[in-house]
Amino acid sequence: MTTTGNAKPSRLSPEAVPRRDWLGLSAMWSMGAAMAFSLIGMLRLPKAAVLSSPSKKFRVTLPASLNAGEAFVPPGRTVAVFKDAEGVHAISTVCTHLGCVIKPVAEGFECPCHGSQFHGDGSVKRGPAPRALPWLKVTASGGNLMVDEGAVVPAGTKVNV
Ligand code: FES
């Protein structure tokens, strides 16, 4: 809409912006937005994008009240540690079906996600879990027990303490 004479442009009938000016303003705002986003990206660079995770190898102190064959799950870990007359062993508590954390029960382990059941030695009692739970490496030195969640050992491997 064009204004005639001395009529001032109002909010309801603003003065028309020439197309060339409008394109210039658009280009300037686009460039400003691109620079702002690139600045945000550069400011994020010093911060690590990868979260640190705890070591897969950790020390375990078994409670004195732990009975033979009873599972001890260290806080924050996905491992069940057992002690019996033959020694100490550790079994992963990550379900071999889709990776849920399973819970030790009186007769072995149960997965809360899809109902898989495992015997106390980690073998599958009831699916859908396709494989037995892996046994994990346990080492003992100087009275300390170390469990390595990243090292699988053959089932039945126990460490004398
Ligand atoms: S994740 Fe354990 S049964 Fe599916």
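pLDDT is the predictor's confidence in each residue, on a scale from 0 to 100. You'll want it here, since this model is predicted.

**Exercise 1. Work out how confident the predictor is in the protein chain, and which elements have the lowest and highest mean pLDDT.**

Solution. Start with the whole chain: the average pLDDT is 85, and 96% of the residues score at least 70. Next, go element by element. Strand β1 (residues 57-60) sits at the bottom with a mean of 86, while helix α1 (residues 19-44) tops the list at 92. Keep in mind that where pLDDT is low, the predicted coordinates should not be read in detail.

**Exercise 2. Place Ser123 in the fold and decide whether it is buried, partly exposed or exposed.**

Solution. First, find the residue: Ser123 belongs to the loop that runs between β6 (117-118) and β7 (124-126). Now for exposure. Buried needs under 20% relative accessible area and exposed needs over 50%; Ser123 comes in at 25%, so call it partly exposed. Then look at who's around. Setting aside neighbours within four places in sequence, Ser123 touches Gln117, Phe118 and Ala132. Its side chain also makes a polar contact of 2.7 Å with that of Asp121. Finally, check a partner further along: Ala155 is 32 residues away in the chain, with 9.2 Å between its C-alpha atom and that of Ser123.

**Exercise 3. Describe the largest pocket by volume and lining.**

Solution. Volume comes first: about 190 Å³. For the lining, pick out residues including Ser53, Lys56, Arg77, Val94, Leu136 and Glu149. Sort the whole lining by class and you get three nonpolar, five polar and three charged residues.

How values were computed:
Residues are numbered from 1 along each chain as its sequence is written. This is a predicted model: local features need pLDDT of at least 70, side-chain atom pairs count only at pLDDT 80 or more; totals for chains, interfaces and linings use all residues. Side-chain values use heavy atoms; hydrogens and water are left out. On a 1 Å grid over the protein atoms alone, a cavity is a set of points where a 1.4 Å probe fits but cannot get out, and a pocket is an open set with protein on both sides within 12 Å along at least five of seven lines; lining residues have an atom within 4 Å of a point. Grid points are joined across faces, edges and corners, and a volume is the space filled by probe spheres set on the points. Ala, Val, Leu, Ile, Met, Phe, Trp, Tyr, Cys and Pro count as nonpolar, Asp, Glu, Lys and Arg as charged, and the others, Gly among them, as polar. Helices (H or I, at least four residues) and strands (E, at least two) are DSSP runs, numbered from the N terminus. Buried means under 20% relative accessible area, exposed over 50%, partly exposed in between (1.4 Å probe, protein chains only). Contact means heavy atoms within 4.5 Å. A polar contact is a pair of N or O atoms within 3.5 Å; within protein, one must be able to donate a hydrogen and the other to accept it, and residues adjacent in sequence count only if both atoms are side-chain atoms.
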